[in-house]
Amino acid sequence: MPWCQPCQRYLAPSAMSPDGCCPSCGAAVEAGPFAASAPPAAAASRVPWHFWILLALAVAYLGWRAVQGVALLL
Ligand SMILES: [Zn+2]
């Protein structure tokens, strides 16, 4: 969360001016601890490895359940 030192308040990222300054006093806003991390779009593109294991297991399970469902109808 961006923190404005002169105003002593937190700013929403959308409330900041486009050049990254405080809309009230115009001072450069300090980036909070969360601003140092990658933006959400970049974080979403890096999927952890265990997600793919979980996805593979879910697909295998649902595939097996589909086979069972078809076998029940025959
Ligand atoms: Zn300010």
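**A walk from Ala28 to helix H2**

Let's start with one residue: Ala28 has 12 C-beta neighbours inside 10 Å, so it counts as exposed, the cut-off for that label being 12 or fewer. Bear in mind that we're looking at a predicted model. You'll find Ala28 in the loop that runs between strand E2 (9–10) and helix H1 (40–45). Who does it touch there? Setting aside residues within four places in sequence, Ala28 makes contact with Gly20 and Cys21. Met16 sits 12 residues away along the chain, and its C-alpha is separated from that of Ala28 by 9.8 Å.

Now step back to the overall layout. The protein has two helices and two strands, and reading from the N terminus the order goes β-β-α-α. There are 74 residues here, and buried ones make up 7% of them. As for how the chain folds back on itself, take the contacts with a separation of 6 or more: 31% of those join residues 24 or more positions apart.

Next up is helix H2, which covers residues 49–73. Its 25 residues stretch 37 Å from first C-alpha to last, close to the 36 Å you'd expect at 1.5 Å a residue. Is this helix packed away or out in the open? Of those 25 residues the number buried is zero, so H2 lies largely in the open.

Finally, a word on how far to trust all this. The average pLDDT is 83, with 82% of the residues scoring at least 70. The two helices mark the extremes: confidence is highest in H2, at a mean of 95, and lowest in H1, at 60.

Key:
Residues are numbered from 1 along each chain as its sequence is written. This is a predicted model: local features need pLDDT of at least 70, side-chain atom pairs count only at pLDDT 80 or more; totals for chains, interfaces and linings use all residues. Helices (H or I, at least four residues) and strands (E, at least two) are DSSP runs, numbered from the N terminus. The expected span of a helix is 1.5 Å times one less than its number of residues. A residue is buried if 20 or more other C-beta atoms lie within 10 Å of its own, exposed if 12 or fewer, and partly exposed in between; C-beta atoms are placed from the backbone. Two residues are in contact if their C-beta atoms, placed from the backbone, lie within 7 Å. pLDDT is the predictor's confidence in each residue, from 0 to 100.
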